[in-house]
Amino acid sequence: MSDATEQPAHQVDADAWEKACAEDLEEERARRRSEYGSPPGSAAEELKKLVDAVTDKLSSVQAPFLGSVAQGTAEQVAKQAVRQARSVIEPVIDRNSDVFDHLAAAGNELLAAYRSAVEGQETRWTRRTQEPGPPPTKPEDEGPGGEHIDLD
């Protein structure tokens, strides 16, 4: 007699496709991480990284024009200012991380709109320079100068 926990040979695991897809997805993510590095985090995480990088750089800067006594004092003042700035900035980032994500998305949208406008203008410029003869008279190709009016 067969055990009740064994599955018949013709029965298929219902989750096999889901498991295979999840494994493939994880392998692809691992490949991309090894090839391109870890993906960027949220806008708030990236802002924290920027704050950390700036504060580290400010902490390591030394003023060569100050004397050794004044330089030690200047370093202490700079480190104190950096600590105060971080103590103010980090809670704001933590409380408003979704705001920074929205601002980053809005910035991306503005950049896409700018690129589209520039590409459209470049297309019109190159089309005018490649075609011999008078410039096209279609309304979308006219610049800010207005349209030509024939007075005859």
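**Exercise 1. Classify Glu46 as buried, partly exposed or exposed, then examine its salt bridge.**

Step 1. In this predicted model, the relative accessibility of Glu46 is 31%. Buried means under 20%, and exposed means over 50%. Glu46 therefore counts as partly exposed.

Step 2. Find the partner. Glu46 forms a salt bridge with Lys49. Their closest N and O atoms are 3.4 Å apart. The cut-off for a salt bridge is 4 Å.

Step 3. Check the partner's exposure. Lys49 has a relative accessibility of 48%, so Lys49 counts as partly exposed.

Step 4. Look at the spacing. Glu46 and Lys49 are three residues apart in helix H2, which means about one helical turn separates them. An α-helix has 3.6 residues a turn, so residues three or four places apart point the same way. Side chains of opposite charge can pair when their charged atoms come close.

**Exercise 2. Work out how Arg86 and Glu90 are placed along helix H3.**

Step 1. Locate the helix. H3 covers residues 68-95.

Step 2. Place the pair. Arg86 and Glu90 are four residues apart in H3, so about one helical turn lies between them.

Step 3. Check the contact. Their side chains meet in a salt bridge, at 3.3 Å from N to O.

Step 4. Check exposure. Arg86 has 26% relative accessibility and counts as partly exposed. Glu90, at 27%, also counts as partly exposed.

Step 5. Turn to a network elsewhere. Salt bridges with shared partners join Glu28, Arg31, Arg32 and Glu35 into one network.

**Exercise 3. State how many salt bridges the structure holds, and describe the one between Arg33 and Glu26.**

Step 1. Take the total. The structure holds eight salt bridges.

Step 2. Take the pair. Arg33 forms a salt bridge with Glu26, and the closest N and O atoms are 3.2 Å apart.

Step 3. Compare each residue with the cut-offs. Arg33 has a relative accessible area of 39%, so Arg33 is partly exposed. Glu26 has 40%, so Glu26 is partly exposed.

**Exercise 4. Compare the span of helix H1 with the expected span, and say what follows the helix.**

Step 1. Set the limits. H1 runs over residues 16-36 and has 21 residues.

Step 2. Compare. From its first C-alpha to its last, H1 reaches 30 Å. That is close to the 30 Å expected at 1.5 Å a residue.

Step 3. Move past the end. Gly37 follows H1. The phi of Gly37 is positive, near 90 degrees.

**Exercise 5. Describe the surroundings of Leu58.**

Step 1. Place the residue. Leu58 lies in helix H2, residues 43-60.

Step 2. Judge exposure. With a relative accessible area of 46%, Leu58 is partly exposed.

Step 3. Find the patch. Leu50, Val54 and Leu58 make a nonpolar surface patch of about 260 Å².

Step 4. Cross to another helix. Ala78 is in helix H3. Ala78 and Leu58 are 20 residues apart in sequence. In space, their C-alpha atoms are 7.4 Å apart. Ala78 has 31% relative accessibility and counts as partly exposed.

**Exercise 6. Decide whether His102 is buried or exposed, and give its distance to Ala43.**

Step 1. Place the residue. His102 sits in helix H4, residues 97-130.

Step 2. Apply the cut-off. Exposed means over 50%. At 57% relative accessibility, His102 therefore counts as exposed.

Step 3. Take the distance. His102 and Ala43 are 59 residues apart along the chain. Their C-alpha atoms are separated by 8.5 Å.

**Exercise 7. Summarise the whole chain: its elements, burial, surface and confidence.**

Step 1. Count the elements. The chain has four helices and zero strands. From the N terminus on, the order is α-α-α-α.

Step 2. Take burial. The chain has 152 residues, and 5% of them count as buried.

Step 3. Take the surface. The accessible surface comes to about 13,000 Å². Carbon and sulfur atoms account for 57% of that surface.

Step 4. Take the contacts. Among contacts with a separation of 6 or more, 50% join residues 24 or more positions apart.

Step 5. Weigh confidence. The chain averages a pLDDT of 76, and 69% of the residues score at least 70. Confidence is highest in H1, at a mean of 89. Confidence is lowest in H3, at 77.

Key. Residues numbered from 1 in each chain as written. Predicted model: local features only at pLDDT ≥ 70, side-chain atom pairs only at ≥ 80, totals over all residues. Heavy atoms only, no water. Helix = DSSP H or I, 4+ residues; strand = E, 2+ residues; numbered from the N terminus. Buried < 20%, exposed > 50% of the residue type's maximum accessible area, 1.4 Å probe, protein only. Contact = heavy atoms within 4.5 Å. Areas by Shrake-Rupley, 256 points an atom, 1.4 Å probe, with all protein chains shown as cover. Patch = residues over 30% accessible without salt bridge, like charges linked within 9 Å, V, L, I, M, F, W, Y side chains within 5 Å. Expected span 1.5 Å × (residues − 1). pLDDT = per-residue confidence, 0-100.
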